[in-house]
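Colleague: Could you walk me through this protein model? I have some questions ready.

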Amino acid sequence: MKKVSLIFLSIFALFISCDEDDDTTFVQENYVLGKWYVNQIGTINANNTIVYEDYINATDCEDDNLVLNENKTFEENDFEFINSSCQNFQTTGSYEVENNKIVLTYVDSEGVSVEHVLTIVTLTYEEINLSYTDTETNEIVFLKLRKE
């Protein structure tokens, strides 16, 4: 009888110790947060291979970037050199991360609500590779962005 009680107590102690381990939680950093600079742009060639080119920013302007804030707002900064000065064509709105997608929602210049979906191909803390479908050409575009 003592053997049975001892075995029962041992098994009971094992379950109690396992329950304590289950309470441990891990906090994962939100890698999408931050200011991302466009580094390369890619398209699919005739051989169905992604071909990347260096992304060239407007001369004498800041680098184009996408800022994803902790409060789920974003700003996209597209700089162009026009009439002897650098102008920022900025888009602002909100975003959600859903599975492997970043969904940007904003109101365009005509007052229409727009949803722009970026698919996350790969993500590290310092680099993100995205893809999206260009609405004008209906082609898939790939972007490599880096965080500084």
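What follows is a short exchange of questions and answers.

Modeller: Happy to help! This is a predicted model, in which local features need pLDDT of at least 70 and side-chain atom pairs count only at pLDDT 80 or more, while totals for chains, interfaces and linings use all residues. Residues are numbered from 1 along each chain as its sequence is written, and side-chain values use heavy atoms, with hydrogens and water left out.

Colleague: Which stretch has a pLDDT below 50?

Modeller: pLDDT is the predictor's confidence in each residue, from 0 to 100. The protein chain averages 85, and 80% of the residues score at least 70. One stretch has a pLDDT below 50 and zero contacts (heavy atoms within 4.5 Å) beyond near neighbours in sequence: residues 1–21. Where pLDDT is low, the predicted coordinates should not be read in detail.

Colleague: In what order do the elements of the protein chain run from the N terminus on?

Modeller: Helices (H or I, at least four residues) and strands (E, at least two) are DSSP runs, numbered from the N terminus. The protein chain has one helix and nine strands. Their order is α-β-β-β-β-β-β-β-β-β.

Colleague: Which residue in the hairpin of β1 and β2 takes a positive phi?

Modeller: Strands pair if DSSP finds at least two bridges between them. β1 (residues 34–44) and β2 (residues 50–54) pair in the antiparallel sense over five bridges, and Ile44 has Ile50 in β2 as its bridge partner. With five residues between the strands, the hairpin has a positive phi near 60° at Asn48.

Colleague: Is Ser84 buried or exposed?

Modeller: Buried means under 20% relative accessible area, exposed over 50%, and partly exposed in between (1.4 Å probe, protein chains only). Ser84 sits in the loop between β4 (73–82) and β5 (85–98), and its phi is positive, near 65°. Because its relative accessible area is 68%, Ser84 counts as exposed.

Colleague: What is the relative accessible area of Asn99?

Modeller: Asn99 belongs to the loop between β5 and β6 (101–107). Its phi is near 55°, a positive value in a residue other than glycine. Asn99 is exposed, and its relative accessible area is 78%.

Colleague: What percentage of the residues in the protein chain is buried?

Modeller: The chain exposes about 10,900 Å² (Shrake-Rupley method, 1.4 Å probe), with carbon and sulfur atoms supplying 50% of that area. Of the 148 residues in the protein chain, the buried share is 22%.
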